[in-house]
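Good morning, and thank you for coming. Please look at the sequence and the model on the screen, and I shall then take you through its interior, one helix and a set of charged pairs.

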Amino acid sequence: MGSNAAMLLRVKHIAALFLMAAPAAHAAGPEALEAFAEGRFQDAAEHADAADDADHHAFAARAILAGCMTGDTEPRHEHLKAAEARARAALALDPDHIEGRLQLAISLSLQARPLSTSEARKSGHGDVAKELAESVVEDDADNPYAHAVLAIWNIEVLRRGGRLGGVVMGASLKQARRHYEIAAAATPDDASLHWQYARALAAHKPKKNREAINAALRASINASVDDELERIMQSRAIVLAEALQTMKPKSVASLAEGML
C-alpha cells in the first residue's frame with residue numbers, strides 16, 4: 001500500500017484550482033493586472049517582476065503558471081521552476097503569504113505530473129502541496145480556493161486508491177462535497193471552481209456522479225467571466241458537458257483525467 005499511497009499524494013489535478021483566485025488589486029500594478037486579464041501572462045509576470053515584494057513575486061508566479069495551465073501542451077519544466085522560484089521568493093519575504101503558498105503548491109503539483117510513482121514519492125511534491133492548502137485553510141478558514149483544492153484532493157485519492165485508499169488517506173466524497181460547498185458558497189460565480197470539481201468527479205466515476213457533475217458544469221457554463229483564464233476554463237466545461245451527453249462513461253472519465 002505504500003507505493004499506492006505515494007501515488008495518491010501526487011495530487012495530480014489540484015494545480016489548476018489555485019489559479020482560480022482573482023488577483024487582489026494590491027498585488028500588482030495596473031499594467032500587470034490588465035495583461036493578466038487579457039491572457040498576456042508573460043507580460044503580466046514581467047510587469048510584476050519590476051517590484052521586489054511578496055505580493056509581486058507571488059503574482060509573477062501566478063501569471064507564469066496561468067500561462068502553463070492554459071496551454072495545449074504539458075507545461076515546460078523550466079517555466080514551472082521559474083514560478084516556483086518566485087513563489088519561494090514571496091515566502092522568503094513573508095512566510096505566511098497566502099498567495100505565495102498557493103502558487104508554490106501549483107508549481108510543485110505540476111512538476112509531479114510527468115513523474116513515475118517512485119519519482120513522485122521521492123520528490124514529496126504531493127505532500128507539500130496538500131499541506132500548503134491545509135495551512136491556508138488554517139489561516140483563512142473561508143478561503144474558497146483552498147477548500148476547492150481539498151475537495152479535489154479527496155476525489156483524487158478515491159479515484160487512484162479506491163475505497164481502501166480513502167480509508168488509509170482519510171478521504172471521502174462526503175468531505176469533497178463539504179469543501180466544494182464551502183468554496184461555491186463563497187464564490188458562486190467562479191467558472192473555474194465549478195469546472196474543476198466537475199472535472200474531478202467525471203474522472204473518478206462519471207456515471208455514479210452524473211447529477212453532481214452536471215450541476216457543477218451548469219454553474220461553470222452560466223458563470224460570468226471577466227478574464228482570459230476564466231474563459232478558457234469555462235470553455236473546457238462546455239467540452240466536458242457535451243462529452244457527458246454523447247460519450248460512454250469510460251471515455252468521459254479518460255477525457256476528464258487528461259484535462260486541467
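**The nonpolar interior**

The largest nonpolar core in this predicted model comprises 57 residues, and F36, Y197 and L217 are those with the most contacts inside it. Helix α5 is the element that gives the most to this core, namely nine residues. Another core lies apart from it and has seven residues, including L102, V137, A146 and L150. As general background, nonpolar side chains tend to be buried together in soluble globular proteins.

Let us turn to two of the residues with the most contacts inside the core, Y197 and F36. Which residues does Y197 touch, if we do not count those up to four places away in sequence? They are A151, I152, I155, A176, R177, Y180 and A216.

F36 belongs to helix α3, which spans residues 30-37 and whose buried residues are A32, A35 and F36. These buried residues lie on the same side of α3, because they cover an arc of only 100° around the axis. Among the elements that cover them are α4 (41-48), α5 and α14. After α3 comes G39, which has a positive phi, near 85°.

**A buried histidine**

I now ask you to find H194 in helix α12, residues 191-204. Is H194 buried or exposed? H194 is buried, as its relative accessible area is 4%, and the cut-off for buried is under 20%.

Two polar partners deserve mention here. The side chain of H194 makes a polar contact of 2.7 Å with the side chain of Y180. In addition, a polar atom of the H194 side chain lies 2.9 Å from the backbone oxygen of P188. Setting aside neighbours within four places in sequence, H194 has contacts with Y180, A184, T187, P188, A216, A219 and S220. Y180 and A216 also appear among the residues that Y197 touches.

**Charged pairs**

How many salt bridges does a search of the whole structure find? The search finds 11. In general terms, side chains of opposite charge can pair when their charged atoms come close. I shall present three of these pairs.

The first to consider joins R62 and E99, whose side chains meet with an N to O distance of 3.6 Å. R62 lies in helix α5 (residues 54-69) and E99 in helix α7 (residues 98-112), so this pair ties together parts that are 37 residues apart in sequence. R62 is buried, with a relative accessible area of 1%.

Next, E228 forms a salt bridge with R231, and their closest N and O atoms are 2.5 Å apart. Both residues belong to helix α14 (residues 228-246); because they are three residues apart there, about one helical turn separates them. E228 is partly exposed, at 22% relative accessibility, and R231 is partly exposed as well, at 40%.

Finally, the side chains of E38 and R40 meet in a salt bridge of 2.9 Å, N to O. E38 is partly exposed, with a relative accessible area of 44%, and R40 is likewise partly exposed, at 34%. What network do E38 and R40 belong to, together with D43? The three residues are linked in a network of salt bridges.

**Closing**

To conclude, I would ask you to keep two places in view: the buried side of α3, with A32, A35 and F36, and the R62 to E99 pair, which ties α5 to α7. Thank you for your attention.

Methods: Residues numbered from 1 in each chain as written. Predicted model: local features only at pLDDT ≥ 70, side-chain atom pairs only at ≥ 80, totals over all residues. Heavy atoms only, no water. Salt bridge = Lys/Arg side-chain N within 4 Å of Asp/Glu carboxyl O. Buried < 20%, exposed > 50% of the residue type's maximum accessible area, 1.4 Å probe, protein only. Helix = DSSP H or I, 4+ residues; strand = E, 2+ residues; numbered from the N terminus. Arc of directions from axis to C-beta. Contact = heavy atoms within 4.5 Å. Polar contact = N/O pair within 3.5 Å; in protein donor to acceptor, adjacent residues only side chain to side chain. Core = buried A, V, L, I, M, F, W, Y, C linked by side-chain atoms within 4.5 Å.
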